[in-house]
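Visitor: I should be grateful for a close look at one part of this structure, the metal site. Please take me through it step by step.

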Amino acid sequence: MAGEIEIKVKKSADVKGGTVIVLKAKDATATAATPDIAPAEVLERAEKVADFKASRLSTCVILAPHGSPADKLIVLGMGETASLTENDWLNAGGATAATFGKAAEVTVFVDMPDAAPDAAMLAQFVLGMRLRAYTFDRYKVATKKGEDESADPSKVKVTVVAAASADAKKALAAADAVGDGVLLARDLVNEPANVLGPLEFADHAVALGKLGVTVEVLTEKDMKKLGMGALLAVAQGSVRPPRLVVMQWQGAKSGDQPVAFIGKGVVFDSGGISIKPASGMDEMKGDMGGAAAVTGLMHALAARKAKVNAIGIIGLVENMPDGNAYRPGDVVTSMSGQTIEVLNTDAEGRLVLSDALHYCNDRFKPKLMINLATLTGAIGVALGPHHAGLFCNDDSLAAALTGAGLKTQEKLWRMPLGKDYDKMIDSKIADMKNTGGRQAGAITAAQFLKRFVGSTPWAHLDIASTAMGAPSSEVNHSWGSGFGVRLLNAFVADNHEG
Ligand code: BES
Ligand code: MN
Ligand code: ZN
(Lines give C-alpha, C1' and ligand atoms only; values in the text may rest on other atoms or scores of the structure.)
(Ligands and ions follow the chains in the order given, each with its own letter.)
Protein backbone atom coordinates (compact mmCIF):
# COMPACT_ATOMS: atom_id res chain seq x y z
CA MET A 1 0.00 0.00 0.00
CA ALA A 2 0.87 3.63 0.07
CA GLY A 3 3.82 5.00 1.99
CA GLU A 4 3.67 5.01 5.75
CA ILE A 5 3.81 8.67 6.43
CA GLU A 6 2.00 9.81 9.50
CA ILE A 7 0.93 13.43 9.36
CA LYS A 8 -0.67 15.29 12.23
CA VAL A 9 -1.77 18.89 12.06
CA LYS A 10 -1.50 20.67 15.40
CA LYS A 11 -1.63 24.22 16.72
CA SER A 12 1.73 23.95 18.45
CA ALA A 13 4.56 21.49 18.92
CA ASP A 14 7.13 20.75 21.53
CA VAL A 15 10.35 20.29 19.59
CA LYS A 16 13.00 18.08 21.16
CA GLY A 17 15.44 17.30 18.39
CA GLY A 18 14.60 15.94 14.97
CA THR A 19 14.19 17.89 11.79
CA VAL A 20 12.40 21.20 11.76
CA ILE A 21 11.22 22.85 8.57
CA VAL A 22 10.23 26.48 8.41
CA LEU A 23 8.85 28.34 5.43
CA LYS A 24 10.22 31.66 4.32
CA ALA A 25 8.64 34.17 2.03
CA LYS A 26 10.83 36.20 -0.28
CA ASP A 27 8.87 39.31 0.53
CA ALA A 28 8.94 39.01 4.34
CA THR A 29 11.68 40.06 6.69
CA ALA A 30 11.10 37.64 9.55
CA THR A 31 10.89 33.89 8.99
CA ALA A 32 8.48 31.93 11.13
CA ALA A 33 6.99 32.89 14.44
CA THR A 34 9.27 30.36 16.08
CA PRO A 35 12.38 32.25 17.21
CA ASP A 36 13.08 29.73 19.97
CA ILE A 37 13.43 26.94 17.39
CA ALA A 38 14.66 28.93 14.43
CA PRO A 39 16.71 31.77 15.96
CA ALA A 40 16.82 34.75 13.63
CA GLU A 41 20.58 35.26 13.88
CA VAL A 42 21.27 31.60 13.03
CA LEU A 43 19.05 31.79 9.97
CA GLU A 44 20.49 35.08 8.87
CA ARG A 45 24.06 33.82 8.98
CA ALA A 46 23.33 30.49 7.29
CA GLU A 47 21.24 32.09 4.58
CA LYS A 48 23.97 34.55 3.85
CA VAL A 49 26.64 31.83 3.66
CA ALA A 50 24.42 29.70 1.42
CA ASP A 51 23.31 32.70 -0.65
CA PHE A 52 19.75 31.64 0.09
CA LYS A 53 17.17 34.09 -1.24
CA ALA A 54 13.94 32.24 -0.36
CA SER A 55 13.06 31.81 -4.01
CA ARG A 56 10.25 29.31 -4.49
CA LEU A 57 11.10 25.74 -3.45
CA SER A 58 14.75 26.49 -2.75
CA THR A 59 16.13 25.16 0.54
CA CYS A 60 18.73 26.08 3.09
CA VAL A 61 19.84 23.30 5.42
CA ILE A 62 21.41 24.08 8.80
CA LEU A 63 22.83 21.25 10.90
CA ALA A 64 22.90 21.45 14.70
CA PRO A 65 21.71 25.07 14.73
CA HIS A 66 23.10 27.03 17.65
CA GLY A 67 20.56 27.73 20.37
CA SER A 68 17.83 25.57 18.83
CA PRO A 69 16.45 22.22 20.04
CA ALA A 70 16.32 21.00 16.41
CA ASP A 71 19.01 18.64 15.10
CA LYS A 72 18.47 19.90 11.61
CA LEU A 73 16.77 23.06 10.52
CA ILE A 74 15.56 23.45 6.96
CA VAL A 75 14.32 26.70 5.53
CA LEU A 76 12.07 26.23 2.52
CA GLY A 77 11.74 29.25 0.26
CA MET A 78 8.22 30.13 -0.80
CA GLY A 79 9.02 32.94 -3.21
CA GLU A 80 6.68 35.90 -3.50
CA THR A 81 3.71 35.07 -1.30
CA ALA A 82 1.15 37.38 -2.92
CA SER A 83 0.81 35.06 -5.91
CA LEU A 84 0.77 31.70 -4.11
CA THR A 85 -1.88 29.35 -5.54
CA GLU A 86 -3.25 26.09 -4.15
CA ASN A 87 -0.97 24.32 -6.59
CA ASP A 88 2.06 26.22 -5.28
CA TRP A 89 1.18 24.98 -1.80
CA LEU A 90 0.84 21.43 -3.16
CA ASN A 91 4.32 21.70 -4.67
CA ALA A 92 5.68 23.20 -1.44
CA GLY A 93 4.35 20.14 0.38
CA GLY A 94 6.12 17.95 -2.16
CA ALA A 95 9.38 19.87 -1.78
CA THR A 96 9.04 19.59 1.99
CA ALA A 97 8.66 15.81 1.90
CA ALA A 98 11.69 15.67 -0.39
CA THR A 99 13.86 17.04 2.42
CA PHE A 100 12.87 14.35 4.94
CA GLY A 101 15.88 12.19 4.11
CA LYS A 102 16.72 9.91 7.02
CA ALA A 103 14.65 11.83 9.52
CA ALA A 104 12.21 9.85 11.63
CA GLU A 105 10.48 12.84 13.15
CA VAL A 106 9.80 16.08 11.39
CA THR A 107 8.06 19.24 12.54
CA VAL A 108 6.91 21.63 9.86
CA PHE A 109 5.97 25.18 10.80
CA VAL A 110 3.62 26.38 8.12
CA ASP A 111 3.12 29.86 9.42
CA MET A 112 4.70 32.77 7.60
CA PRO A 113 4.28 36.35 8.79
CA ASP A 114 1.35 37.85 6.84
CA ALA A 115 1.10 34.86 4.53
CA ALA A 116 -0.53 32.06 6.46
CA PRO A 117 -2.20 29.62 4.07
CA ASP A 118 -5.99 29.42 4.13
CA ALA A 119 -7.69 26.10 4.81
CA ALA A 120 -7.64 24.93 1.19
CA MET A 121 -3.98 25.83 0.77
CA LEU A 122 -2.95 24.12 3.99
CA ALA A 123 -4.80 21.00 2.81
CA GLN A 124 -2.95 21.08 -0.51
CA PHE A 125 0.36 21.44 1.35
CA VAL A 126 -0.34 18.31 3.39
CA LEU A 127 -1.56 16.47 0.28
CA GLY A 128 1.67 17.39 -1.50
CA MET A 129 3.70 15.81 1.29
CA ARG A 130 1.72 12.57 1.05
CA LEU A 131 1.97 12.38 -2.73
CA ARG A 132 5.72 12.98 -2.70
CA ALA A 133 6.38 10.49 0.11
CA TYR A 134 4.63 7.64 -1.74
CA THR A 135 6.78 4.68 -2.70
CA PHE A 136 5.84 1.34 -4.27
CA ASP A 137 8.21 -1.04 -2.55
CA ARG A 138 6.13 -4.04 -1.53
CA TYR A 139 8.24 -6.31 -3.71
CA LYS A 140 11.50 -5.06 -2.23
CA VAL A 141 11.71 -7.92 0.21
CA ALA A 142 15.23 -9.32 0.55
CA THR A 143 16.88 -6.13 -0.68
CA LYS A 144 15.13 -4.09 1.98
CA LYS A 145 16.33 -6.15 4.92
CA GLY A 146 19.23 -4.73 6.83
CA GLU A 147 18.62 -1.33 5.35
CA ASP A 148 18.22 1.48 7.79
CA GLU A 149 14.48 1.52 8.41
CA SER A 150 14.44 5.23 9.06
CA ALA A 151 16.07 5.84 5.69
CA ASP A 152 12.71 5.39 4.02
CA PRO A 153 11.18 8.85 3.64
CA SER A 154 7.73 7.24 3.61
CA LYS A 155 8.00 6.12 7.23
CA VAL A 156 8.21 9.54 8.78
CA LYS A 157 6.21 11.00 11.64
CA VAL A 158 5.33 14.51 10.61
CA THR A 159 3.80 17.23 12.72
CA VAL A 160 2.50 20.18 10.78
CA VAL A 161 2.10 23.22 12.97
CA ALA A 162 -0.67 25.43 11.65
CA ALA A 163 -3.90 27.07 12.68
CA ALA A 164 -6.15 24.02 12.79
CA SER A 165 -9.54 25.72 12.41
CA ALA A 166 -12.79 23.85 11.74
CA ASP A 167 -12.45 24.91 8.10
CA ALA A 168 -8.96 23.49 7.97
CA LYS A 169 -10.13 20.19 9.42
CA LYS A 170 -12.76 19.85 6.70
CA ALA A 171 -10.33 20.75 3.95
CA LEU A 172 -7.71 18.35 5.34
CA ALA A 173 -10.22 15.49 5.44
CA ALA A 174 -11.26 16.14 1.83
CA ALA A 175 -7.62 16.30 0.73
CA ASP A 176 -6.99 13.00 2.52
CA ALA A 177 -9.82 11.44 0.52
CA VAL A 178 -8.31 12.72 -2.71
CA GLY A 179 -4.83 11.60 -1.64
CA ASP A 180 -6.11 8.11 -0.90
CA GLY A 181 -7.68 8.06 -4.38
CA VAL A 182 -4.45 9.11 -6.08
CA LEU A 183 -2.37 6.58 -4.16
CA LEU A 184 -4.88 3.83 -4.93
CA ALA A 185 -4.59 4.65 -8.64
CA ARG A 186 -0.78 4.64 -8.40
CA ASP A 187 -0.76 1.29 -6.61
CA LEU A 188 -3.01 -0.24 -9.28
CA VAL A 189 -0.83 1.04 -12.13
CA ASN A 190 2.42 -0.05 -10.45
CA GLU A 191 1.14 -3.52 -9.62
CA PRO A 192 2.45 -6.19 -12.01
CA ALA A 193 -0.03 -7.96 -14.29
CA ASN A 194 0.57 -11.42 -12.80
CA VAL A 195 -0.81 -10.07 -9.55
CA LEU A 196 -3.45 -7.74 -10.97
CA GLY A 197 -5.66 -9.48 -13.51
CA PRO A 198 -9.24 -8.46 -14.35
CA LEU A 199 -10.68 -10.33 -11.34
CA GLU A 200 -8.19 -8.91 -8.89
CA PHE A 201 -8.74 -5.40 -10.22
CA ALA A 202 -12.50 -5.88 -9.90
CA ASP A 203 -11.97 -6.83 -6.23
CA HIS A 204 -10.34 -3.45 -5.61
CA ALA A 205 -13.41 -1.75 -7.06
CA VAL A 206 -15.72 -3.93 -4.98
CA ALA A 207 -13.81 -2.76 -1.90
CA LEU A 208 -15.20 0.74 -2.48
CA GLY A 209 -18.44 -0.66 -1.12
CA LYS A 210 -17.12 0.23 2.34
CA LEU A 211 -17.30 3.90 1.38
CA GLY A 212 -20.91 3.63 0.24
CA VAL A 213 -20.24 3.03 -3.46
CA THR A 214 -22.63 0.53 -5.09
CA VAL A 215 -20.53 -1.86 -7.14
CA GLU A 216 -21.68 -4.39 -9.74
CA VAL A 217 -19.33 -6.77 -11.52
CA LEU A 218 -20.46 -8.05 -14.92
CA THR A 219 -19.02 -11.38 -16.00
CA GLU A 220 -18.32 -12.72 -19.47
CA LYS A 221 -21.75 -14.32 -19.50
CA ASP A 222 -23.46 -11.02 -18.67
CA MET A 223 -21.48 -9.24 -21.37
CA LYS A 224 -22.34 -11.90 -23.94
CA LYS A 225 -26.01 -11.38 -23.17
CA LEU A 226 -25.57 -7.65 -23.68
CA GLY A 227 -23.84 -8.22 -27.00
CA MET A 228 -20.49 -6.68 -26.09
CA GLY A 229 -18.71 -8.31 -29.03
CA ALA A 230 -15.94 -5.72 -29.17
CA LEU A 231 -14.78 -5.97 -25.55
CA LEU A 232 -15.14 -9.74 -25.58
CA ALA A 233 -13.07 -10.08 -28.76
CA VAL A 234 -10.10 -8.48 -27.01
CA ALA A 235 -10.52 -10.71 -23.97
CA GLN A 236 -10.81 -14.02 -25.79
CA GLY A 237 -7.07 -14.58 -26.16
CA SER A 238 -6.46 -14.53 -22.42
CA VAL A 239 -6.98 -17.38 -19.98
CA ARG A 240 -8.14 -14.74 -17.52
CA PRO A 241 -11.77 -13.80 -18.12
CA PRO A 242 -12.84 -10.15 -18.49
CA ARG A 243 -14.96 -8.08 -16.15
CA LEU A 244 -16.95 -4.89 -16.54
CA VAL A 245 -17.32 -3.05 -13.26
CA VAL A 246 -20.03 -0.49 -12.61
CA MET A 247 -19.53 1.81 -9.62
CA GLN A 248 -22.26 4.19 -8.50
CA TRP A 249 -21.88 7.00 -6.01
CA GLN A 250 -25.02 8.85 -5.03
CA GLY A 251 -24.11 12.03 -3.20
CA ALA A 252 -26.90 14.19 -4.65
CA LYS A 253 -30.67 13.87 -5.06
CA SER A 254 -31.70 10.55 -6.54
CA GLY A 255 -33.28 12.21 -9.58
CA ASP A 256 -30.12 14.14 -10.52
CA GLN A 257 -28.61 12.94 -13.79
CA PRO A 258 -25.17 11.46 -13.07
CA VAL A 259 -21.80 12.38 -14.47
CA ALA A 260 -20.02 9.31 -15.80
CA PHE A 261 -16.37 8.28 -15.93
CA ILE A 262 -15.25 5.36 -18.06
CA GLY A 263 -11.81 3.77 -17.94
CA LYS A 264 -9.74 1.53 -20.19
CA GLY A 265 -8.57 -1.35 -18.05
CA VAL A 266 -6.27 -3.52 -20.14
CA VAL A 267 -4.37 -5.21 -17.34
CA PHE A 268 -1.70 -6.21 -19.82
CA ASP A 269 -1.42 -5.28 -23.49
CA SER A 270 0.89 -7.63 -25.38
CA GLY A 271 -0.63 -6.36 -28.62
CA GLY A 272 -2.28 -9.74 -29.15
CA ILE A 273 -1.60 -11.43 -32.52
CA SER A 274 -0.32 -8.03 -33.77
CA ILE A 275 2.25 -8.49 -31.02
CA LYS A 276 4.31 -5.59 -29.74
CA PRO A 277 8.13 -5.51 -29.88
CA ALA A 278 9.83 -6.98 -26.80
CA SER A 279 11.49 -3.76 -25.75
CA GLY A 280 9.32 -1.88 -23.29
CA MET A 281 6.48 -4.39 -23.40
CA ASP A 282 6.68 -4.70 -19.61
CA GLU A 283 5.28 -1.19 -19.37
CA MET A 284 2.00 -2.47 -20.74
CA LYS A 285 1.14 -3.64 -17.23
CA GLY A 286 0.10 -0.01 -16.88
CA ASP A 287 -2.41 -0.12 -19.72
CA MET A 288 -5.16 0.01 -17.12
CA GLY A 289 -4.21 3.56 -16.08
CA GLY A 290 -7.61 4.86 -17.18
CA ALA A 291 -9.47 2.31 -15.09
CA ALA A 292 -7.13 3.03 -12.17
CA ALA A 293 -7.89 6.76 -12.39
CA VAL A 294 -11.64 6.09 -12.50
CA THR A 295 -11.41 3.81 -9.46
CA GLY A 296 -9.23 6.31 -7.58
CA LEU A 297 -11.65 9.08 -8.48
CA MET A 298 -14.67 7.13 -7.24
CA HIS A 299 -12.75 6.49 -4.02
CA ALA A 300 -12.04 10.21 -3.65
CA LEU A 301 -15.62 11.30 -4.36
CA ALA A 302 -17.14 8.77 -1.97
CA ALA A 303 -14.57 9.28 0.79
CA ARG A 304 -15.16 13.02 0.82
CA LYS A 305 -18.91 12.53 0.36
CA ALA A 306 -19.03 14.67 -2.77
CA LYS A 307 -22.46 16.14 -3.49
CA VAL A 308 -22.73 14.59 -6.91
CA ASN A 309 -24.16 11.51 -8.54
CA ALA A 310 -21.29 9.78 -10.29
CA ILE A 311 -20.93 6.59 -12.29
CA GLY A 312 -17.61 4.85 -12.81
CA ILE A 313 -17.35 2.10 -15.40
CA ILE A 314 -14.19 0.16 -16.12
CA GLY A 315 -13.61 -2.46 -18.80
CA LEU A 316 -11.11 -5.02 -17.52
CA VAL A 317 -9.44 -7.35 -20.01
CA GLU A 318 -6.09 -8.81 -20.91
CA ASN A 319 -4.87 -8.62 -24.53
CA MET A 320 -2.90 -11.79 -25.32
CA PRO A 321 -1.87 -13.84 -28.36
CA ASP A 322 -3.30 -17.34 -28.19
CA GLY A 323 -4.94 -20.06 -30.26
CA ASN A 324 -8.25 -18.51 -29.33
CA ALA A 325 -7.19 -14.90 -29.72
CA TYR A 326 -8.98 -12.52 -32.08
CA ARG A 327 -7.09 -11.90 -35.33
CA PRO A 328 -6.39 -9.12 -37.78
CA GLY A 329 -9.18 -9.23 -40.35
CA ASP A 330 -11.87 -10.32 -37.91
CA VAL A 331 -15.15 -8.43 -37.96
CA VAL A 332 -16.84 -8.02 -34.58
CA THR A 333 -20.21 -6.58 -33.61
CA SER A 334 -20.28 -4.09 -30.78
CA MET A 335 -23.13 -3.70 -28.30
CA SER A 336 -24.27 -0.61 -30.23
CA GLY A 337 -24.85 -2.82 -33.27
CA GLN A 338 -22.05 -1.16 -35.25
CA THR A 339 -19.57 -3.58 -36.78
CA ILE A 340 -15.80 -3.22 -36.56
CA GLU A 341 -13.13 -4.65 -38.82
CA VAL A 342 -10.07 -5.42 -36.73
CA LEU A 343 -6.99 -4.45 -38.70
CA ASN A 344 -4.64 -4.51 -35.77
CA THR A 345 -5.26 -6.42 -32.54
CA ASP A 346 -3.01 -3.91 -30.76
CA ALA A 347 -5.66 -1.20 -31.22
CA GLU A 348 -7.65 -2.95 -28.50
CA GLY A 349 -8.39 -0.15 -26.05
CA ARG A 350 -10.94 1.49 -28.36
CA LEU A 351 -12.75 -1.84 -28.71
CA VAL A 352 -13.03 -2.18 -24.94
CA LEU A 353 -14.17 1.43 -24.56
CA SER A 354 -16.69 1.27 -27.41
CA ASP A 355 -18.81 -1.22 -25.50
CA ALA A 356 -18.23 0.42 -22.12
CA LEU A 357 -19.22 3.86 -23.46
CA HIS A 358 -22.32 2.57 -25.24
CA TYR A 359 -23.41 0.58 -22.20
CA CYS A 360 -22.94 3.60 -19.94
CA ASN A 361 -24.88 5.93 -22.21
CA ASP A 362 -27.66 3.44 -22.83
CA ARG A 363 -28.20 2.46 -19.21
CA PHE A 364 -27.58 5.67 -17.27
CA LYS A 365 -28.36 8.48 -19.72
CA PRO A 366 -25.61 10.51 -18.00
CA LYS A 367 -25.40 14.29 -18.39
CA LEU A 368 -21.86 13.84 -19.61
CA MET A 369 -19.29 11.10 -20.13
CA ILE A 370 -15.55 11.38 -19.65
CA ASN A 371 -13.35 8.46 -20.56
CA LEU A 372 -9.71 8.02 -19.61
CA ALA A 373 -7.42 5.70 -21.52
CA THR A 374 -3.79 4.94 -22.17
CA LEU A 375 -4.99 4.75 -25.74
CA THR A 376 -2.20 5.63 -28.16
CA GLY A 377 1.55 6.00 -28.41
CA ALA A 378 0.75 8.80 -30.84
CA ILE A 379 -0.45 11.14 -28.11
CA GLY A 380 3.03 11.08 -26.61
CA VAL A 381 4.53 11.93 -29.99
CA ALA A 382 2.20 14.92 -30.19
CA LEU A 383 2.30 16.25 -26.63
CA GLY A 384 5.04 14.45 -24.74
CA PRO A 385 4.40 13.83 -21.05
CA HIS A 386 3.42 17.43 -20.27
CA HIS A 387 -0.22 17.37 -21.35
CA ALA A 388 -2.76 14.62 -21.76
CA GLY A 389 -4.76 14.77 -24.99
CA LEU A 390 -8.29 16.14 -24.67
CA PHE A 391 -10.83 15.26 -27.33
CA CYS A 392 -14.29 16.67 -26.79
CA ASN A 393 -17.59 17.19 -28.60
CA ASP A 394 -18.69 20.03 -26.30
CA ASP A 395 -16.90 23.37 -25.92
CA SER A 396 -18.07 24.17 -22.40
CA LEU A 397 -17.09 20.71 -21.15
CA ALA A 398 -13.69 21.14 -22.80
CA ALA A 399 -13.26 24.52 -21.12
CA ALA A 400 -14.20 23.15 -17.69
CA LEU A 401 -11.76 20.26 -18.05
CA THR A 402 -8.96 22.49 -19.31
CA GLY A 403 -9.53 24.77 -16.31
CA ALA A 404 -9.38 21.88 -13.87
CA GLY A 405 -6.16 20.81 -15.57
CA LEU A 406 -4.54 24.19 -15.04
CA LYS A 407 -5.68 24.31 -11.42
CA THR A 408 -4.31 20.86 -10.56
CA GLN A 409 -1.39 20.94 -12.98
CA GLU A 410 -2.69 17.74 -14.54
CA LYS A 411 -2.77 19.61 -17.79
CA LEU A 412 -4.85 18.89 -20.88
CA TRP A 413 -4.38 20.06 -24.43
CA ARG A 414 -7.38 20.02 -26.72
CA MET A 415 -6.92 18.15 -29.96
CA PRO A 416 -9.11 18.38 -33.07
CA LEU A 417 -11.96 16.14 -34.15
CA GLY A 418 -13.72 16.33 -37.49
CA LYS A 419 -15.24 14.68 -40.54
CA ASP A 420 -11.98 14.32 -42.39
CA TYR A 421 -10.46 12.37 -39.51
CA ASP A 422 -13.63 10.36 -39.06
CA LYS A 423 -13.46 9.23 -42.71
CA MET A 424 -10.04 7.73 -42.06
CA ILE A 425 -11.62 4.87 -40.08
CA ASP A 426 -14.29 3.92 -42.63
CA SER A 427 -13.93 0.26 -43.54
CA LYS A 428 -14.43 -1.40 -46.91
CA ILE A 429 -16.45 -4.27 -45.44
CA ALA A 430 -17.72 -3.14 -42.02
CA ASP A 431 -19.03 0.05 -40.39
CA MET A 432 -15.53 1.01 -39.31
CA LYS A 433 -12.00 -0.31 -38.90
CA ASN A 434 -10.04 -0.14 -35.67
CA THR A 435 -7.04 1.77 -36.99
CA GLY A 436 -6.77 4.73 -39.30
CA GLY A 437 -3.17 4.21 -40.34
CA ARG A 438 0.01 5.92 -39.24
CA GLN A 439 -1.06 9.53 -39.50
CA ALA A 440 -3.07 11.30 -36.78
CA GLY A 441 -3.13 8.11 -34.70
CA ALA A 442 -4.38 9.73 -31.49
CA ILE A 443 -7.13 11.58 -33.36
CA THR A 444 -8.47 8.64 -35.35
CA ALA A 445 -8.59 6.64 -32.11
CA ALA A 446 -10.72 9.43 -30.60
CA GLN A 447 -12.95 9.51 -33.71
CA PHE A 448 -13.53 5.80 -33.20
CA LEU A 449 -14.73 6.37 -29.62
CA LYS A 450 -16.92 9.26 -30.75
CA ARG A 451 -18.98 6.84 -32.83
CA PHE A 452 -20.20 5.26 -29.59
CA VAL A 453 -21.30 8.26 -27.55
CA GLY A 454 -24.31 9.53 -29.49
CA SER A 455 -25.12 13.15 -28.71
CA THR A 456 -24.10 13.01 -25.04
CA PRO A 457 -21.49 15.62 -24.06
CA TRP A 458 -18.32 13.58 -23.99
CA ALA A 459 -14.59 13.95 -23.48
CA HIS A 460 -11.82 11.47 -24.10
CA LEU A 461 -8.55 11.92 -22.20
CA ASP A 462 -5.64 10.09 -23.80
CA ILE A 463 -3.34 9.59 -20.81
CA ALA A 464 -0.85 7.19 -22.44
CA SER A 465 2.10 9.49 -21.80
CA THR A 466 1.00 10.97 -18.47
CA ALA A 467 -0.36 7.99 -16.48
CA MET A 468 2.94 6.16 -16.39
CA GLY A 469 6.61 6.78 -16.91
CA ALA A 470 6.16 10.54 -16.88
CA PRO A 471 9.08 12.61 -15.58
CA SER A 472 9.21 13.06 -11.82
CA SER A 473 7.58 16.14 -10.43
CA GLU A 474 7.49 17.89 -7.08
CA VAL A 475 4.58 15.64 -6.06
CA ASN A 476 5.31 12.43 -7.91
CA HIS A 477 8.31 10.14 -8.06
CA SER A 478 6.29 7.03 -8.84
CA TRP A 479 6.14 5.31 -12.24
CA GLY A 480 2.37 5.17 -12.07
CA SER A 481 1.37 8.78 -11.47
CA GLY A 482 -2.33 8.50 -10.68
CA PHE A 483 -2.93 11.14 -13.35
CA GLY A 484 -6.58 12.13 -13.64
CA VAL A 485 -7.75 11.66 -10.06
CA ARG A 486 -6.93 15.18 -8.83
CA LEU A 487 -7.96 16.61 -12.20
CA LEU A 488 -11.42 15.08 -12.26
CA ASN A 489 -11.97 15.55 -8.55
CA ALA A 490 -11.43 19.29 -9.12
CA PHE A 491 -13.62 19.18 -12.23
CA VAL A 492 -16.47 17.66 -10.19
CA ALA A 493 -15.96 19.95 -7.18
CA ASP A 494 -15.91 23.12 -9.29
CA ASN A 495 -18.66 22.26 -11.79
CA HIS A 496 -20.99 19.55 -10.56
CA GLU A 497 -21.51 19.88 -6.82
CA GLY A 498 -24.10 21.82 -4.88
N1 BES B 1 -1.79 0.60 -24.96
C2 BES B 1 -1.36 1.05 -26.22
C3 BES B 1 -0.97 2.52 -26.25
C4 BES B 1 0.22 2.90 -25.44
C5 BES B 1 1.48 2.95 -26.00
C6 BES B 1 0.09 3.25 -24.11
C7 BES B 1 2.57 3.33 -25.25
C8 BES B 1 1.18 3.63 -23.36
C9 BES B 1 2.42 3.67 -23.92
C10 BES B 1 -2.47 0.85 -27.25
O11 BES B 1 -3.30 -0.23 -27.01
C12 BES B 1 -1.81 0.61 -28.55
O13 BES B 1 -1.15 -0.37 -28.69
N14 BES B 1 -2.00 1.53 -29.50
C15 BES B 1 -1.41 1.42 -30.77
C16 BES B 1 -2.47 1.71 -31.80
C17 BES B 1 -2.08 1.33 -33.19
C18 BES B 1 -1.97 -0.17 -33.32
C19 BES B 1 -3.14 1.85 -34.14
C20 BES B 1 -0.28 2.42 -30.84
O21 BES B 1 -0.39 3.51 -30.25
O22 BES B 1 0.73 2.11 -31.45
MN1 MN C 1 -2.52 -2.03 -27.79
ZN1 ZN D 1 -3.50 -0.82 -25.05
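Guide: In this predicted model, aspartate 269 forms a bridge between the manganese ion (ligand 2) and the zinc ion (ligand 3), and the two ions lie 3.1 Å apart. Aspartate 269 belongs to strand 9, whereas aspartate 346 sits in the loop between strand 12 and helix 9; the two residues are 77 residues apart and join distant parts of the chain. With a relative accessible area of 3%, aspartate 269 is buried, because buried means under 20%.

Consider the manganese ion (ligand 2) in detail. Its coordination comes from Asp269 (OD), Asp346 (O), Asp346 (OD) and Glu348 (OE), at 2.0 to 2.2 Å. Asp346 is thus listed with both an O and an OD atom. Along the chain, the donors of the manganese ion (ligand 2) have the spacing D-x76-D-x1-E. Six donor atoms surround the manganese ion (ligand 2), and because the angles they subtend run from 71 to 166°, the arrangement is irregular. For six donors to count as octahedral, opposite donors must be over 155 degrees apart and all others between 65 and 115.

The zinc ion (ligand 3) has as its protein donors Lys264 (NZ), Asp269 (OD), Asp287 (OD) and Glu348 (OE), which lie 2.0 to 2.4 Å from the ion. The sequence spacing of these donor residues is K-x4-D-x17-D-x60-E. Around the zinc ion (ligand 3) the six donor atoms subtend angles of 78 to 174°, so the arrangement is octahedral. Here too distant parts of the chain are linked: lysine 264 lies in strand 9 (residues 259–269), and glutamate 348 lies in the loop between strand 12 (339–341) and helix 9 (349–364), 84 residues apart. Lysine 264 and glutamate 348 are both buried.

A further aspartate may be described alongside the metal site. Aspartate 330 occupies the loop between strand 10 (309–319) and strand 11 (331–333). Its relative accessibility is 17%, so aspartate 330 counts as buried. The side chain of aspartate 330 reaches the backbone nitrogen of arginine 327 at 2.9 Å. Leaving aside residues up to four places away in sequence, aspartate 330 touches Ile340, Glu341 and Val342.

To return to the pair of ions, the manganese ion (ligand 2) and the zinc ion (ligand 3) are 3.1 Å apart, with aspartate 269 coordinating both.

Definitions and conventions:
Residues numbered from 1 in each chain as written. Chains lettered and ligands numbered in written order. Predicted model: local features only at pLDDT ≥ 70, side-chain atom pairs only at ≥ 80, totals over all residues. Heavy atoms only, no water. Donors = N, O, S within 2.8 Å, 3.2 Å for Na, K, Ca; no water. Tetrahedral: all angles 85-135°; square planar, octahedral: opposite > 155°, others 65-115°. Helix = DSSP H or I, 4+ residues; strand = E, 2+ residues; numbered from the N terminus. Buried < 20%, exposed > 50% of the residue type's maximum accessible area, 1.4 Å probe, protein only. Polar contact = N/O pair within 3.5 Å; in protein donor to acceptor, adjacent residues only side chain to side chain. Contact = heavy atoms within 4.5 Å.
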